[in-house]
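Open the model in a viewer and keep the sequence panel visible. The tour below goes from one selection to the next and says what is found at each stop.

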Amino acid sequence: MFPPIPCCTTEIWSPRTARSIAKALSSQRACIRGFAQYGGDTLKNSRGAGGFSTPKDSLTRRCGSAKRALSFTSTTDASLFTNALPKPRLGVSHETLGSYLASVYPDVAQKGAPLPSMESKEYTLVVVTESRFRRILLGRKLRGFGMGFFNSFGGHLDHAIDPTPSHGAVRELAEETNINIPLSVMKEGAVGTLRFTFEDDKEKQMIVNLFRVDLECVSDSVSIGNSKNVGANRDCSSIGRTIGGKLPALKIDPCVISGCDEIEPQWFDNWNDIPLHNMFADDSIWLTRILSADHHLRFDGWFHFLPGGTNTNCIMHHHIGFRLIR
C-alpha cells in the first residue's frame with residue numbers, strides 16, 4: 001500500500017468558487033476563452049451563440065451541474081522524496097484556477113483585458129511504473145530541450161498520424177522504449193492535461209497529455225508483436241480497466257526495453273529516490289502526487305515558469321485540479 005496523499009479533500013465546485021473564477025477572468029469573453037484554452041473542457045453554450053447572460057451565471061450553472069467532482073490542492077509530503085526541489089523553486093501554489101490565472105495575467109483580473117493569444121504546441125508524456133516494487137522507468141535525455149535531464153517518455157503530438165493523444169502516447173512510448181502498449185490500456189491510463197507557460201514568452205504554451213502505465217516485468221514470456229507479453233492464453237479481460245481505482249499491470253519481458261538516439265531508459269528501484277533535482281521542476285509537484293497515491297489519479301495542471309528555461313528551472317505559479325474517477 002502506498003502512502004496516502006495528505007490534505008487532499010474532494011468537493012463539487014461551489015457557486016462561490018465559480019464566482020471567484022469568473023471575477024478573476026473579469027469578462028464574458030475572457031471567461032469562455034480562458035476555460036477553452038486553459039481549463040480542460042470547452043464551455044458549451046446551451047442557448048446558442050451569445051446566449052450566456054453573464055460569466056458569473058454561466059459558470060455557476062456549469063459548475064453546479066458538473067458530472068465529475070474536483071478537488072483543488074497542491075499539497076503533498078515532499079519529505080517522502082529525497083531529491084524533491086525546495087518550495088521556493090516551486091513558486092506559489094494556487095487553490096483555484098481563477099487565482100492562478102489572475103496571478104499569471106494580472107491585467108485580465110485588474111483591467112478586464114482579454115487573455116493573450118497563445119501559440120500552442122501539443123505533446124504526450126507517459127509515466128511508466130512497476131508499482132508492486134515501487135519502481136519507475138525514466139529516460140535520460142541525450143539531446144534537445146532538457147538534455148541531461150531525466151524525464152518520462154513522450155514527444156510531439158502529430159495530428160497527421162495520431163488520431164488521438166492516446167495514439168500518440170502509444171507511438172512515442174514504443175519509439176523511445178520499445179514497449180508496445182495496447183491502445184485500450186493507454187486510454188485507461190489517461191491522467192489529464194498539463195499546461196506550461198513561461199514568463200519570458202507569454203504568447204507560447206506547451207500542452208502535455210499525461211498518461212500512466214503500470215508494468216509487471218517477468219522473464220518467462222512469449223513474443224507478441226515487437227513486445228513480449230506473458231502467457232499466450234492469459235486472461236486479458238482486465239486490460240484497459242481500473243480495478244479498485246488501480247491500473248492493471250501489463251506483463252512484459254524487461255529485456256525488450258531499449259532506448260533510442262534521443263533518450264536512454266533507466267529503472268529507479270525506489271521511486272522515492274528519483275533524481276528530481278535533475279528533472280523539470282514541475283515533476284516535484286505532479287509526479288510526486290502520482291507516486292504517493294494508492295490509486296490512479298486524474299488531474300489537470302497549470303505551471304508558469306520563471307525566465308531562464310532549464311538554466312533556472314524554477315516555477316512562479318502553479319495549480320492542480322484533481323478529479324474523481326467514476
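Start with Asn178, in the loop between α6 and α7 (183–188). The model is a predicted one, and here it gives a residue other than glycine a positive phi, near 65°. Is Asn178 buried or exposed? Neither label fits: the residue is partly exposed, with a relative accessible area of 26%.

Next, select Arg134, in the loop between β3 and β4. Arg134 is not a glycine either, and its phi is positive, at about 55°. Its relative accessible area is 23%, so it counts as partly exposed.

Now zoom out to the whole chain. Its secondary structure consists of 8 helices and 14 strands. Of the 326 residues, 47% are buried. Among contacts with a separation of 6 or more, 72% join residues 24 or more positions apart. Switch on the surface: the chain exposes about 15100 Å², and carbon and sulfur atoms supply 52% of that area.

For one pairing between distant parts of the sequence, select Pro265 in strand β12 (residues 263–268). Leu137 lies 128 residues away along the chain, yet the two C-alpha atoms are 6.5 Å apart. Show the contacts of Pro265, leaving out residues up to four places away in sequence: they are Leu137, Leu138, Gly139, Phe153, Glu176, Thr177, Ile257, Ser258 and Gly259.

Move to helix α8, residues 283–292. How many of its residues are buried? The count is 10 of 10. The buried set includes charged side chains to look at, Asp283 and Arg289, as well as Ile285, Trp286, Leu287, Ile290 and Leu291.

Keep α8 on screen and add the largest nonpolar core, which has 32 residues. Nonpolar side chains tend to be buried together in soluble globular proteins. The residues with the most contacts inside this core are Ile136, Leu210, Ile274, Trp286, Phe299 and Phe303. Color the core by element: β3, β4 (135–141), β7, β8, α8, β13 (298–305) and β14 (315–323) each supply at least two of its residues. The greatest share comes from α8, with 5 residues.

Center on Trp286 in α8. Beyond residues up to four places away in sequence, Trp286 touches Leu125, Val127, Leu194, Leu210, Phe299, Phe303 and Ile320. A separate core of 19 residues lies apart from the largest one, and Phe211, Val213, Leu250 and Ile257 are among its members. Ile257 is also one of the contacts of Pro265.

Finish at the largest pocket, with a volume of about 900 Å³. Which residues are closest to its centre? Select Tyr123, Lys141, Phe145, Met206 and Phe280, from a lining of 37 residues. By class, that lining has 13 nonpolar, 12 polar and 12 charged residues. Elements that each give at least two lining residues are β3 (119–130), β6 (153–156), α6 (165–177), β7 (190–198), β8 (201–217) and α8. With the core still displayed, note that β3, β7, β8 and α8 each supply at least two residues to the core and at least two to the pocket lining.

Terms used:
Residues are numbered from 1 along each chain as its sequence is written. This is a predicted model: local features need pLDDT of at least 70, side-chain atom pairs count only at pLDDT 80 or more; totals for chains, interfaces and linings use all residues. Side-chain values use heavy atoms; hydrogens and water are left out. On a 1 Å grid over the protein atoms alone, a cavity is a set of points where a 1.4 Å probe fits but cannot get out, and a pocket is an open set with protein on both sides within 12 Å along at least five of seven lines; lining residues have an atom within 4 Å of a point. Grid points are joined across faces, edges and corners, and a volume is the space filled by probe spheres set on the points. Helices (H or I, at least four residues) and strands (E, at least two) are DSSP runs, numbered from the N terminus. Ala, Val, Leu, Ile, Met, Phe, Trp, Tyr, Cys and Pro count as nonpolar, Asp, Glu, Lys and Arg as charged, and the others, Gly among them, as polar. Contact means heavy atoms within 4.5 Å. Buried means under 20% relative accessible area, exposed over 50%, partly exposed in between (1.4 Å probe, protein chains only). Accessible areas come from the Shrake-Rupley method with a 1.4 Å probe; for residues, only the protein chains shown count as cover. A nonpolar core is a set of buried Ala, Val, Leu, Ile, Met, Phe, Trp, Tyr and Cys residues joined through side-chain atoms within 4.5 Å.
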